[in-house]
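Biologist: I'm new to looking at protein models. Could you show me how to read the way helices pack, and then a residue or two?

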Amino acid sequence: MHNAKAYSAASANDPLAPDTIQRRDTTDRDVRIEILFCGICHSDLHTARDEWSSIMPTTYPCVPGHEIVGRVVEVGSAVTTFKEGDLAGVGCLVDSDHACDACDHGVEQFCPDATFTYNWPDKHLGGVTYGGYSESIVVDESFVLRLPANLDPAGAAPLLCAGITTYSPIRRWGDIKGKKVGVVGLGGLGHMGVKFARAFGARVVVCTTSPSKKEDALRLGAHEVILSTDAEEMQEHAGTFDFILDTISADHDINAYINMLGLDGNITLVGAPEKPLPVSAFALLFGRKSVSGSLIGGIAETQEMLDFCGEHDITSDVEVIPIQKINEAYERMLKSDVKYRFSIDMASLKAG
Ligand SMILES: [Zn+2]
Ligand SMILES: [Zn+2]
C-alpha cells in the first residue's frame, strides 16, 4: 500500500481538512494515476455532510471527488490500453462485477455490484473508497477513460460527471438536430447541457429564474432564454418543445415544463430534488408526453462523450482553486456563486 495526501471530512459537521489515506498497490489490471485536477460536484458536498444518510449514509473519513483528470504514473503487467505518461480520467465509477445484464449492456452505473468512486465498499482494502481530493488513485483499467490531448485538463475534469450526466440523456433521446430542446437551470449541469445540445445541432432554449444569466446562456450556445418566473413567456412556448433536460435539484413546478412539451415530448430529470415532484397526469395524457430520469452513463458512453468533446473542443467553464479553498468553494456552490464548476488544482495539495 501507498500513502497518499488527501482532503477529507472527519464527520458531517467538520470542514474538509488535510489527511493521509492509503491507496492499494497496482494489481495486474490496475492503473495508478497522479491526479492533476478534480472537479467539485454537488454530490461531494451532500456526501461529505451526510445529507443523503437515508439512502447512502457516509462513512468517515470521507474523501469526495469523482471528476478526476490525471497522468498515468504506473500500470499493471496486464494493462494494455494505458501507459505511463498518458492523460486519463476517472468518473463516478471505479468497478463493477463485469458479469451482469447491466454490464453486458454497457450501463455499469446500474450494475448491482458497481463500485462508486467514493463512500462505497472498497473490495480491495476494505472500508470505503476514497475519491479524487487526493494526490493519486488506483483504478481497474476498464474504468479509466482516455482524455483527448487537446482538452484543457482543468476544464475537462467536470466532464467526468457533469458532462456525462447531460450527454447521456441527450444521446438517448435520439437525433436532436433541428429539434427544439430546453435546458432547465443553468448551473454546473445545465451549462454542459447547453453546450452538448448546441453541438448536436438543436435549437437550444434555456429556462432560468435569473435574468442575470441570460447573456451567459447565449454565450454558452443557447439560441433563446426564457425566464421561468414569467408565466406569460412560458405559456407562449406551450406545446413546442421536443425534449427538455431538467437539471434542477431544488423543488420546482415540473408541470410548467411538461406543458411546454409537444406531441411525444419528453422531459428527463438529471437533478434530484429532495421531495417528490407532483406530476399532472392530464398534462402527460394530452400529447402522449413522458417524464424520465437519467444517471451518469456507462464507461463506453463516457469515452464516447470525451471523444466528442475532443472533436468539438468542449470543456466545462471552470474556476480553478487550490484545495485549501475547498470549504469556501462549498459555501459558494450552495449560493450558486460559481461559473460554472470549481476545478481543484491538485498541485496545491503538495504545498500543504
Ligand atoms: Zn457528480
Ligand atoms: Zn454488473
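**Reading helix packing**

Modeller: Let's start with α4 and α5, which are oblique to each other. Keep in mind that this is a predicted model.

Biologist: What do people use to describe two packed helices?

Modeller: Two things: the angle between the axes and the distance between them. Here, the axes of α4 (residues 162–173) and α5 (residues 188–199) cross at roughly 45° and come within 8 Å. Angles of 65 to 115 degrees count as roughly perpendicular and those under 35 as roughly parallel, so with its angle of roughly 45° this pair is called oblique. The crossing of α4 past α5 is right-handed.

Biologist: Which residues make the contact between α4 and α5?

Modeller: From α4 you'll find Ala 162, Gly 163, Thr 165, Thr 166, Tyr 167 and Ile 170. On the α5 side, look for Gly 188, Leu 189, Met 192, Gly 193, Phe 196 and Ala 197. Sort them by class and you get seven nonpolar, five polar and no charged residues.

Biologist: At what angle do α4 and α10 pack?

Modeller: That one is about 100°, and the axes are 10 Å apart. Since 65 to 115 degrees counts as roughly perpendicular, that is what we call α4 and α10. In this contact, α4 brings Gly 163, Ile 164, Tyr 167, Ser 168 and Arg 171, while α10 brings Glu 301, Thr 302, Glu 304, Met 305 and Phe 308. The classes here are four nonpolar, three polar and three charged.

Biologist: Now single residues. Is Ile 299 buried or exposed?

Modeller: Check the relative accessible area: under 20% means buried. Ile 299 has 13%, so it is buried. You'll find Ile 299 in helix α10, which covers residues 299–312. Leaving out residues up to four places away in sequence, Ile 299 touches Gly 106, Glu 108, Ser 142, Phe 143 and Leu 145.

Biologist: And where is Thr 58 found?

Modeller: Look in the loop between α1 (42–48) and β4 (68–75). Thr 58 has a relative accessible area of 11%, so it is buried too.

Biologist: What does the side chain of Thr 58 reach?

Modeller: The backbone oxygen of Thr 47, at 2.6 Å. Again skipping residues up to four places away in sequence, Thr 58 touches Thr 47, Asp 50 and Asn 119.

Notes. Residues are numbered from 1 along each chain as its sequence is written. Chains are lettered from A and ligands numbered from 1 in the order in which they are written. This is a predicted model: local features need pLDDT of at least 70, side-chain atom pairs count only at pLDDT 80 or more; totals for chains, interfaces and linings use all residues. Side-chain values use heavy atoms; hydrogens and water are left out. Helices (H or I, at least four residues) and strands (E, at least two) are DSSP runs, numbered from the N terminus. Buried means under 20% relative accessible area, exposed over 50%, partly exposed in between (1.4 Å probe, protein chains only). Contact means heavy atoms within 4.5 Å. Axes are lines fitted to C-alpha atoms, for helices over the stretch in contact, and angles run from 0 to 180 degrees between N-to-C directions. Angles under 35 degrees count as roughly parallel, over 145 as roughly antiparallel, 65 to 115 as roughly perpendicular and the rest as oblique. A crossing is left-handed if the near helix is turned anticlockwise from the far one by less than a right angle, and right-handed if clockwise. Ala, Val, Leu, Ile, Met, Phe, Trp, Tyr, Cys and Pro count as nonpolar, Asp, Glu, Lys and Arg as charged, and the others, Gly among them, as polar. A polar contact is a pair of N or O atoms within 3.5 Å; within protein, one must be able to donate a hydrogen and the other to accept it, and residues adjacent in sequence count only if both atoms are side-chain atoms.
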